[in-house]
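These are my notebook entries on one protein model. I looked up its overall make-up, then its salt bridges, and last a patch of charge.

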Amino acid sequence: MKKKRGAVLPALVAVIALMVVLAVSLSMYEAGKARTAAVHPFGDVDKSDRVDLGVWIGKIDPAAQAVSVEVTARPHGVYADRLGFFAGDAILYTSGMKSEPITIKAGEPISAAEVKIAMSGTFTDYPFDKYEAVLAFDMISGDKHVPVAAAVSSGDTFFAVSEAPEAVDSQIDGVDLTLHATRSTPSLVFALFIMVLMLAIAIAAAVATYYLVDGRRGLIFPACSMMGALLFALIPLRNAVPSAPPIGSIIDFASFFIAEGIISAALVGSILIGYRIEVVKEREETAQEASAVPPSEPNPVDDLLDRQPVPVGIGSGQP
């Protein structure tokens, strides 16, 4: 009965631990899903005569130091005609990298316009890199500024984006925002997991080398092959992290370079020390063979003499 209870308890603990890990993982998924679906309004949202801008952040590119944003416009009140299009020509000025404004014709359907916004940040801080970008929108119809409201949402799952309004002149009906982008929780957890995994693999190679050297086992070619495979397997493992950070990032100095150095030293050291051990073993075996004296072979003449009868002489006491 005690044995059954002892076997059930570890299984129960394992099931509970698995359920906890699964719950935490699913909660992270739900948090990321809610963040992607969230829409944050800014600007003159209380005015009935305004233009609503839909600002959708499609991709944050740390390598290009740019944010790809899609902008749509929808007029309300006096700025809209009976079909919902713009009642008059309008020009939308943005903080995009290109200076050309977005021109909107009266009575024409409005399509989404892609705008690239410059951002600042250090890519080599990966996976703890942070970025900032300024989104500014001003619309003019005729010779007057148009009240603008913006609804900002993000579709880049690799980053967690937050917005903060900039202090602007109250006389200007525009929207100025500062975007703050950091690595999303799933991306950060995955990057940290890869870093820990690379260090763990390096420790495993070091333990295998200690086992070979301390036990004076010589050259064990399966162990050397394993360490050589680990040495080259870390390269695609490191490149599997999201956003493909450049060489020289924090992930390299904190784990990749260290792991590669340990495995390289383990591989070279196990081969050189194993070679010396093999040489010493061969010398000892040769010396033992040379010092061993082979048994002497019997002489047939001596054997024949031993078999002849001894002659009986006078005075031997024999009759």
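**Entry 1: overall make-up.** I counted the secondary structure and found 5 helices and 11 strands in the protein. The model is predicted, and I read every value below with that in mind. I then looked up burial: of the 319 residues in the protein, 30% are buried. The surface that the protein exposes comes to about 20,100 Å². Carbon and sulfur atoms supply 64% of that area. For contacts between residues at least 6 apart in sequence, I noted that 69% join residues at least 24 apart.

**Entry 2: salt bridges.** How many salt bridges does the structure hold? I found 3, and I looked up each in turn.

I began with aspartate 52 and arginine 50, whose side chains meet in a salt bridge with an N to O distance of 2.7 Å. Are these two residues buried or exposed? Arginine 50 has a relative accessible area of 17%, so it counts as buried, the cut-off being under 20%. Aspartate 52 has 22% relative accessibility and therefore counts as partly exposed.

I went on to aspartate 129, which forms a salt bridge with arginine 183; their closest N and O atoms are 2.9 Å apart. This pair links distant parts of the chain, 54 residues apart. Aspartate 129 lies in the loop between strand 6 (113-121) and strand 7 (130-141), while arginine 183 belongs to strand 11 (residues 174-183). I noted that aspartate 129 and arginine 183 are both buried.

I then turned to aspartate 252 and arginine 238, whose side chains form a salt bridge at 2.8 Å, N to O. Here helix 4, which holds aspartate 252, is linked to helix 3 (residues 221-239), which holds arginine 238. The two residues are 14 apart in the chain. Aspartate 252 is buried, with a relative accessible area of 0%. Arginine 238 is likewise buried, with a value of 3%.

**Entry 3: a patch of charge.** Which residues gather in a patch of negative charge on the surface? I found Glu282, Glu284, Glu285 and Glu289. I chose one of them, glutamate 284, for a further look, and located it in helix 4 (residues 250-291). Its relative accessible area is 47%. Why does glutamate 284 count as partly exposed? A residue is called exposed over 50% and buried under 20%, so glutamate 284, at 47%, falls in between.

Notes:
Residues are numbered from 1 along each chain as its sequence is written. This is a predicted model: local features need pLDDT of at least 70, side-chain atom pairs count only at pLDDT 80 or more; totals for chains, interfaces and linings use all residues. Side-chain values use heavy atoms; hydrogens and water are left out. Patches are made of residues with over 30% relative accessible area and no salt bridge: like charges are joined within 9 Å, nonpolar side chains (Val, Leu, Ile, Met, Phe, Trp, Tyr) within 5 Å. Accessible areas come from the Shrake-Rupley method with a 1.4 Å probe; for residues, only the protein chains shown count as cover. A salt bridge is a side-chain nitrogen of Lys or Arg within 4 Å of a carboxyl oxygen of Asp or Glu. Lys and Arg count as positive and Asp and Glu as negative; His and the chain ends are not counted. The place of a charge is taken as NZ of Lys, CZ of Arg, CG of Asp or CD of Glu. Helices (H or I, at least four residues) and strands (E, at least two) are DSSP runs, numbered from the N terminus. Buried means under 20% relative accessible area, exposed over 50%, partly exposed in between (1.4 Å probe, protein chains only). Contact means heavy atoms within 4.5 Å.
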